[in-house]
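Visitor: Could you take me through one part of this model closely? I would like to look at the places where its pieces meet.

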Number of protein chains: 2
Amino acid sequence: MDIQELRTRTPDHWMRATALRALALDAVAAANSGHSGMPIGMADVATVLWSKHLKFDAATPDWADRDRFILSAGHGSMLLYGLLYLSGDPEITLEQIRNFRQWGAKTAGHPENFLARAIETTTGPLGQGLANSVGFAMAEEMLRARFGRKLVDHYTYVIAGDGCLMEGVSHEAIGLAGRQALSKLIVFWDNNGITIDGKVSIADRTDQMMRFKAAGWHVQEIDGHDPEAIDAAITAAKSANAPSMIACQTHIALGHAAQDTSKGHGALTNDEQNMAAKEGWGWTAAPFDVPAEIKSWWEEVGARGAAEREAWEARLAEASAARQKEFARVMAGETPKKLSATIKALKKQVSETTPKVATRKASEMALEVINPVMPETVGGSADLTGSNNTLTGDLGVFDIGERKGRYVYYGIREHGMAAAMNGMSLHGGLKPYGGTFMAFTDYARPAMRLAALMKTPTVFVMTHDSIGLGEDGPTHQPVEHLAISRATPNTLVFRPADAVETAEAWEIALGQTATPSVLSLTRQGVPTVRTQHKTANLVEKGAYVLAEAEGKRQAILLATGSEVSVALAARELLQAEGIGTRVVSMPCWELFEQQEESYRRRILPPAGPVRVAVEAGMRMGWDRWLCGERGRHNKAGFVGMDSFGASAPAGTLFEKFGITAEAVAAEVKALL
Amino acid sequence: MDIQELRTRTPDHWMRATALRALALDAVAAANSGHSGMPIGMADVATVLWSKHLKFDAATPDWADRDRFILSAGHGSMLLYGLLYLSGDPEITLEQIRNFRQWGAKTAGHPENFLARAIETTTGPLGQGLANSVGFAMAEEMLRARFGRKLVDHYTYVIAGDGCLMEGVSHEAIGLAGRQALSKLIVFWDNNGITIDGKVSIADRTDQMMRFKAAGWHVQEIDGHDPEAIDAAITAAKSANAPSMIACQTHIALGHAAQDTSKGHGALTNDEQNMAAKEGWGWTAAPFDVPAEIKSWWEEVGARGAAEREAWEARLAEASAARQKEFARVMAGETPKKLSATIKALKKQVSETTPKVATRKASEMALEVINPVMPETVGGSADLTGSNNTLTGDLGVFDIGERKGRYVYYGIREHGMAAAMNGMSLHGGLKPYGGTFMAFTDYARPAMRLAALMKTPTVFVMTHDSIGLGEDGPTHQPVEHLAISRATPNTLVFRPADAVETAEAWEIALGQTATPSVLSLTRQGVPTVRTQHKTANLVEKGAYVLAEAEGKRQAILLATGSEVSVALAARELLQAEGIGTRVVSMPCWELFEQQEESYRRRILPPAGPVRVAVEAGMRMGWDRWLCGERGRHNKAGFVGMDSFGASAPAGTLFEKFGITAEAVAAEVKALL
């Protein structure tokens, strides 16, 4: 690449883009870690996009109708921080740039959505940003359909790298986006031909343009260092009636000694080479310094959207008070006032009619009353709608020309679904929930972890949550998946025992603003155990006494989900032998952990009775509740799984794996 | 579809294929669960493949040079069981067919590789079989290069459904197969246009043919009910110089009332409709009955390969004794005798030189001595070769025309890598290991679970195993991933403390024949803690006393990996205050659990000293070791993570998150 030619062809553009290059080079060198080459290579694309197309107002980075900019190739984080600093974002100051990758800085190694308002999503695990963007673009379509073009009308722009496109989740994302013709989604592929291990071609020779075409995308290819070509391609992409992919031929670490090499992907820290690169770029400013005229040009870019934001605010002010209030409510993620009464009414009805239903069915019963009062819910399933019980009658199906539809047929794409749900949630205005089998938590896992890290209150509806799934066998029977979700920070894992607890779990999950929830639900029918209606939400405590011991309390049984009724039956057996037995339902460990110690000690007294936990999953984690945290402990045992399951009818499996009332009672007696 | 026309066009073929249809219909109806439609739709393809092309000998289903047949659309398991029963597989008897999906049957809901020799791999989680098949095909190339065409020369055939092709892992698999030009891999796409939620088109409109072409595949499209077209397509695929995809237009549940509907995907249990379907097919035999001439035709199909097997055995017998022995050794998965001495020599050297190296580097040191004595190892990384330290000098890179290369550049495809490793391991003759960052266990997770279920001794090299990763931040810092792998049945999770333990862990991992291993390795340097050479492999015990208390034993510190040296430093602080402190290194919980109780009690005496565990991960699971299983317990505490990490230099993070010797000593003193 001839740098001189680039410098002279469009000199103003060159220097403006090179401000991004220099900042990235300086910040990475100062941190002695990070990725210099990508920001250097994509600076031209970013400069044209931000200055000529991106609708944003640097002073108000979270204005609702802004265009979304997603750096899926999150390792190139200095590109984003450079753009924000130069354009005048109030949070990403020069001080932050200087503290790149240091403790407490907003300029983390990879962009973290919770550190600055302008960071739309957390990226770094490759492909996630791209997959989030599909959710962002769906959210825009849904909200535009609901609130009208005057309030919602924006694009979602993504920069994706070779890694993003090699990851499997990219396939799920582009398939879904293509199927839904998300025409306001525009993806730039940083086609630099380099990965960490060397040239892309050592591992991949996929024709990406053909691949995107196969998925129904609008595709263009340009020189990613030619500002006019970039501008023209974006203009064309904006008017396409399909999602758009712009393949940008770029040079990683352009103009540096490490250009076009895998070394250029990483941290360029050689002073001499860095100075030589700057010289070649024609950049003479001191490290971290940006000439005033360039900085002020960028600040004008940052201020360009203020008028658009003001016009939008004026349009919002013209809407009815009710509409304004509703828009504000859903964008803030607040539940409607009606929700609480709705859940209480359902609980009362269930307590009275005591149905024996699977908790997946109970979840549907809850959704049947929730969805009508919460127009912001968006349901879906990864091709298991009838099994996950996620579709209620009033939702309508989201489709081309049916953008008011609130149910998404995600296809057999658990990972893409979870990542798209995260995107919808991050966009704001929607409460996404989506279902698959609990065992396929595995497929969705990378996005479920990011939901927890990003604090997106997505709801994962995981049905068929044990060997109770039956004949499909061990591949479909979760045993370790409760432990997996419980081990993940900032995740509420609910395993409700019946239809009452299921309704309560839904109420709590929908009320979250910064924590995702996992609902672990049965395939098989379970009896109603909460037969006394209480208006209070008992699941909120995480664990509570469901049945008290009669006579001297000698045993405490701890159980969740379908095993709560097993524990109750064991209690009957034990009480019949005069062994006073308390049953504690523990639908949510995390909430129990958050209770005051006095409450926890009331439910699980530190000394005295033996404790036996029963759950059709692995023991991992249960010792926490069997033993107490510190000091005095109880004799304790566990009835559950210690291996994978098997293919057979569910009843047979519970017998064969010894998860029965008799086994629980026997364990108690062995301990006494 | 006009059944009459199919019946009359090729009547013999029709009835032979329809035997598969009838068995599937009967078995699913008897089980009252399962998937009838797929076997019915793909019976023609399977019949042509098995009778005209597949190299197999039903009586010896595990003959080494057989063609591999992989039913990636595993829910159609009755197709496989039908083929095996009809062709005379010794294990899949009529009794087994009648017991489809029942306790103890080999005919599980989804094919389970460990239940019958003829079942190559466990399928069910969609896309896995397809991704395994890439490993099978790579294994064939590698072994052919090593042992010659006379001993290794076979195809890998796969039946994949729409679900397989929608899953992200399919993208990783076909990209890798295309890049490596795996010309002996032939995939049939059961293009029936139907999924559980309805028509495929409600969720996906990808042009699959174009997509496979984009990945470098040879592509054909045929009528999947036309035996001549099927035959011709397979013949063409076999001579292509790329992996081949044959798009088979089929009708799910062909000829049944549920044909071409999502109902046809599931269990067809309506007697009347089933009888009508059989009538339409011209099938008059009683349920589970197969007319003698059809059964005997299928048995001839099953016997067809006996001559080929015998010829192969004769060729094997012609090889030198050493070659025969080596072939038998690697196919049996036995480690070479030299391995033990090699590891001991390395351990001795490390104990004497006491290097301060990261355990990822220690892993490379181990591989440098292992790979030369184990020609069956196949290394690789998901584009993090230099970080995972998985490439040693002697391996050579596997590539087109370089099939003796033993290192695979898997690309940014953690999931595809893990699934391909499983396939290589299942093929036999190779010991695959592959690396990525520990946090990206999430991406590989579905295949890692299957390794455990399938009992494949794959080795997952997971480096950068804590906040010690530093500046890349929380997306790249595992905190819950040790718990995730430890919660998974049949998985050995090693977190070695230094280069000696790392060598020992490798020795154990390579010695497994039915259990995968996860090596959790540091990015950052750690001191050698095993400075006294012992020939015994101490990691084999799972946990052992690394440093004994001086004076009265008041505390036991439990630690793994990089925190073992933290525990040793804490011990120094405590001993200086006269608090006798034992340090237990716990590199592998699962192995410790397998020790006799007397050993476990010797290491962790049930009463007396306080226990404090230190590990830079979540507490989940540790209470097991802090409290003891039953009865008497100790006061106990934990020093580790209870949240996600952050972006900063590693040293700062350990300070800020309080994982220090001082914090451990303080916790002990608080408990005393």
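Guide: Happy to. In this predicted model, the domain assignment divides chain A into domain 1 (3-310), domain 2 (337-527) and domain 3 (541-671). Let's begin inside the chain, with domain 2 of chain A and domain 3 of chain A, whose centres, taken over C-alpha atoms, are 25 Å apart. Their contact draws on 27 residues from domain 2 of chain A and 32 residues from domain 3 of chain A. Between these two domains an area of about 2300 Å² is buried, and carbon and sulfur atoms account for 61% of that area.

Now for the charged and polar links across that boundary. Domain 2 of chain A and domain 3 of chain A have 2 salt bridges between them. If you would like a pair to find on your screen, try Arg486(A) and Glu615(A): their side chains form a salt bridge, with N to O at 2.7 Å. The count of residue pairs in polar contact between domain 2 of chain A and domain 3 of chain A is 13. On the domain 2 side of this contact, at least two residues each come from helix H20 (481-487), strand E13 (492-494) and helix H21 (499-511) of chain A. Sorted by class, that side of domain 2 of chain A holds 14 nonpolar, 8 polar and 5 charged residues.

From here we can step out to the two chains. A turn of 180 degrees, with a shift of 0.0 Å along the axis, lays chain A on chain B with an RMSD of 0.0 Å. This is therefore the relation of a two-fold axis. To find the axis from chain A, look for Gly168(A), the residue of that chain that comes closest to it, with its C-alpha at 1.9 Å. Both copies use the same surface, as 100% of the contact residues of chain A recur in chain B.

What does that shared surface amount to? In chain A, 107 residues are in contact with 107 residues of chain B. The area buried between chain A and chain B is about 8700 Å², with carbon and sulfur atoms giving 60% of it. Three residues are worth picking out here: Trp103(A), Tyr443(A) and Arg449(A) supply 9% of the area that chain A buries against chain B, more than any other three residues.

The polar side of the chain interface deserves a look too. Chain A and chain B have 10 salt bridges between them. For one pair to locate, Arg445(A) forms a salt bridge with Glu480(B), where the closest N and O atoms are 2.5 Å apart. Residue pairs in polar contact across the interface of chain A and chain B number 46. Helix H19 (residues 441-454) of chain A gives the most to the side of chain A that touches chain B, contributing 8 residues. Taken by class, the residues on that side of chain A are 43 nonpolar, 35 polar and 29 charged.

Note on methods
Residues numbered from 1 in each chain as written. Chains lettered and ligands numbered in written order. Predicted model: local features only at pLDDT ≥ 70, side-chain atom pairs only at ≥ 80, totals over all residues. Heavy atoms only, no water. Domains from an automatic or database assignment. Contact = heavy atoms within 4.5 Å. Buried area = accessible area lost by both parts, 1.4 Å probe. Salt bridge = Lys/Arg side-chain N within 4 Å of Asp/Glu carboxyl O. Polar contact = N/O pair within 3.5 Å; in protein donor to acceptor, adjacent residues only side chain to side chain. Helix = DSSP H or I, 4+ residues; strand = E, 2+ residues; numbered from the N terminus. Nonpolar A, V, L, I, M, F, W, Y, C, P; charged D, E, K, R; others polar. Least-squares fit on C-alpha atoms with pLDDT ≥ 70 in both.
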